[in-house]
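Visitor: I am new to this structure and would like to know what lies behind the words used for it. Please take me through them one at a time.

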Amino acid sequence: MPPPRTRGTALRQRLAELRGPGTPAKALDARALAALAANPGCERRAILDGAGVDKATLADALGSPSAFGQSQFALTRGNAFEAKVKKDGGAELLRLVHERLDPGAAPPAGAAVPDLSAIGPEGRTARTALALREATAAAGTWTLLDHPMIALEVAGSPAFLEPDAVVVHPDGSWTVVEIKSFPMLDGAADPAKVGAAARQSAVYVLALEEIATRLDPAPRVRHRVLLVCPKDFSNLPTASAVDVRKQRAVTRRQLARLTRVQDIADALPEGVCFSPELPAEQLTAAVEAVPAVYAPECLAACELAFHCRARARTAGAVTSLGRSVRADLGGLTTVEDVLAAARGESGDPRDPAVAALRRAAELRAEALGTMCR
């Protein structure tokens, strides 16, 4: 058996081949990881993200352009707000951390802001780990890590993540800070957006916990993260503490279920490549060589959602109707099977799903008959 370094090198070469010659890898961020964890059975997304394929460009090449992602205006507004929150050495950000999460500690005057610059993601990850170690050892002081780089192993491959900030408290504990440009109105933000931010932050918490286990004693990674947003309709920052224990547990469990990228790559036919430069037919065949698990929730989380939805509808897969419907239908996997079972043409009448479908069909026929009379 080859040593781990050789196996890792071979995998990187294989993933580079899947991207296509000369195509740079797209970094796997926490938002993508959270979406991947929400649909761990989708091997297509796992291999594309693991190989660093730009799924938006791929969707365009397949003829199913993606509507997923932030507008340039939203990105510019978000960057401007983040810069405002972090100005003057992060004084306002640290004040919010102190006020919302650690009011019993000394005020964060003169907090340290270490330089985290290094060459490449591996270098930045090592520099961040060193800064966290030094900050934890410096008891009684506050430290702000601005855009640290942390790593999390996902399906056998490292994913390099960049949270907005991590704060080390005077007691040595660590807090994830997530800065968003959507507003908090009267102290509350859009629940859907807060939920997405919590899932994203949970990924950072998991990565920090892996770093913490390598220190002795292991510092505490706080399960309450700080969500910083504009207050009402102004550009003034406000914050809320968000408990991510539930999201952390779900994400850890789902990421553990992911098939290893190496296993998916080994199962692919020789010569498969996801380069957008390929002819449309060849590219479509390459994408279809990897099984996908489509659900309507993918429309808000994956650039390939329109392509996969079209394929699911063409195949008559009930997954296109949603996970809850799919769960209720048991062994009936296509719309054709469902309709046949409802009409009494197929299916075991002792199957609860089949019995429910037939009863529903009877009630529908009875209602329509009553309306026609």
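**Words and the values behind them**

Guide: Among contacts in the protein between residues at least 6 apart in sequence, 64% join residues at least 24 apart. The model is a predicted one. It has 14 helices and seven strands, and 43% of the 373 residues count as buried.

Visitor: What makes glycine 195 count as buried?

Guide: Buried means under 20% relative accessible area. Glycine 195 has 15% relative accessibility, so it counts as buried. This glycine lies in helix α7. Its C-alpha atom is separated by 9.4 Å from that of valine 242, and the two residues are 47 apart along the chain.

Visitor: Why is histidine 147 called partly exposed?

Guide: Partly exposed covers the range between the 20% limit for buried and the 50% limit for exposed. The relative accessible area of histidine 147 is 25%, so the residue is partly exposed. Histidine 147 sits in the loop between β1 and β2. Its phi is positive, about 50°, although the residue is not a glycine.

Visitor: How do you know that aspartate 186 counts as exposed?

Guide: Exposed means over 50%. Aspartate 186 has 76% relative accessibility, and therefore counts as exposed. The residue is in the loop between β5 and α7. Its phi is also positive, near 55°, and it is not a glycine.

Visitor: Why are α2 and α3 called roughly antiparallel?

Guide: The axes of α2 (residues 30-38) and α3 (residues 43-50) cross at roughly 155° and come within 10 Å. Angles over 145 degrees count as roughly antiparallel, so α2 is roughly antiparallel to α3. The crossing of α2 past α3 is left-handed.

Visitor: Which residues of α2 and α3 meet?

Guide: From α2 come Ala32, Ala35 and Leu36, and from α3 Arg45, Ala46 and Asp49. By class, the contact of α2 with α3 has four nonpolar, no polar and two charged residues.

Visitor: What makes α2 and α7 roughly perpendicular?

Guide: Their packing angle is about 100°, with the axes 8 Å apart. The range from 65 to 115 degrees counts as roughly perpendicular, and α2 and α7 are therefore roughly perpendicular to each other. On the α2 side the contact is made by Ala30, Arg31, Leu33 and Ala34, and on the α7 side by Arg199, Gln200, Val203 and Tyr204. These residues divide into five nonpolar, one polar and two charged.

Visitor: Why do β1 and β7 stand at the edges of the sheet?

Guide: The sheet is open, and its five strands follow the order β1-β4-β5-β6-β7 with mixed pairing. β1 (143-146) and β7 (237-243) each have a single partner strand, so one side of each is left without a neighbour in the sheet. On average, neighbouring strands of this sheet are turned by 25° against each other, direction ignored.

Visitor: Which helices lie against these strands?

Guide: Helix α5 (residues 72-101) packs on the sheet and touches β1, β4, β5, β6 and β7, with its direction at about 130° to that of β6. Helix α7 (residues 191-212) lies across β4, β5, β6 and β7 and runs at about 150° to β5.

Visitor: How do you know that β6 and β7 pair?

Guide: Two strands pair if there are at least two bridges between them. Seven bridges join β6 (residues 224-230) to β7, so the two strands pair, and they run antiparallel. Valine 228 has alanine 239 of β7 as its bridge partner, and proline 230 stands opposite proline 237. The hairpin of β6 and β7 has six residues between the strands, and aspartate 232 there takes a positive phi near 50°.

Visitor: How many bridges join β2 to β3?

Guide: Five bridges join β2 (residues 150-154) to β3, and these strands run antiparallel. Leucine 152 has alanine 159 of β3 as its bridge partner.

Visitor: Which side chains of β3 are buried?

Guide: In β3 (residues 157-161), Ser157, Ala159 and Leu161 point to one face and are buried, while Pro158 and Phe160 point to the other and are not. In a regular strand the side chains alternate between the two faces of the sheet.

Visitor: What is the peptide bond from aspartate 216 to proline 217?

Guide: That bond is cis, with omega near 0°. Proline 217 is in the loop between α7 and β6.

Note on methods
Residues numbered from 1 in each chain as written. Predicted model: local features only at pLDDT ≥ 70, side-chain atom pairs only at ≥ 80, totals over all residues. Heavy atoms only, no water. Helix = DSSP H or I, 4+ residues; strand = E, 2+ residues; numbered from the N terminus. Axes fitted to C-alpha atoms, helices over the stretch in contact; angles between N-to-C directions. Contact = heavy atoms within 4.5 Å. Parallel < 35°, antiparallel > 145°, perpendicular 65-115°, else oblique. Left-handed = near helix turned anticlockwise from the far one by under 90°. Nonpolar A, V, L, I, M, F, W, Y, C, P; charged D, E, K, R; others polar. Buried < 20%, exposed > 50% of the residue type's maximum accessible area, 1.4 Å probe, protein only.
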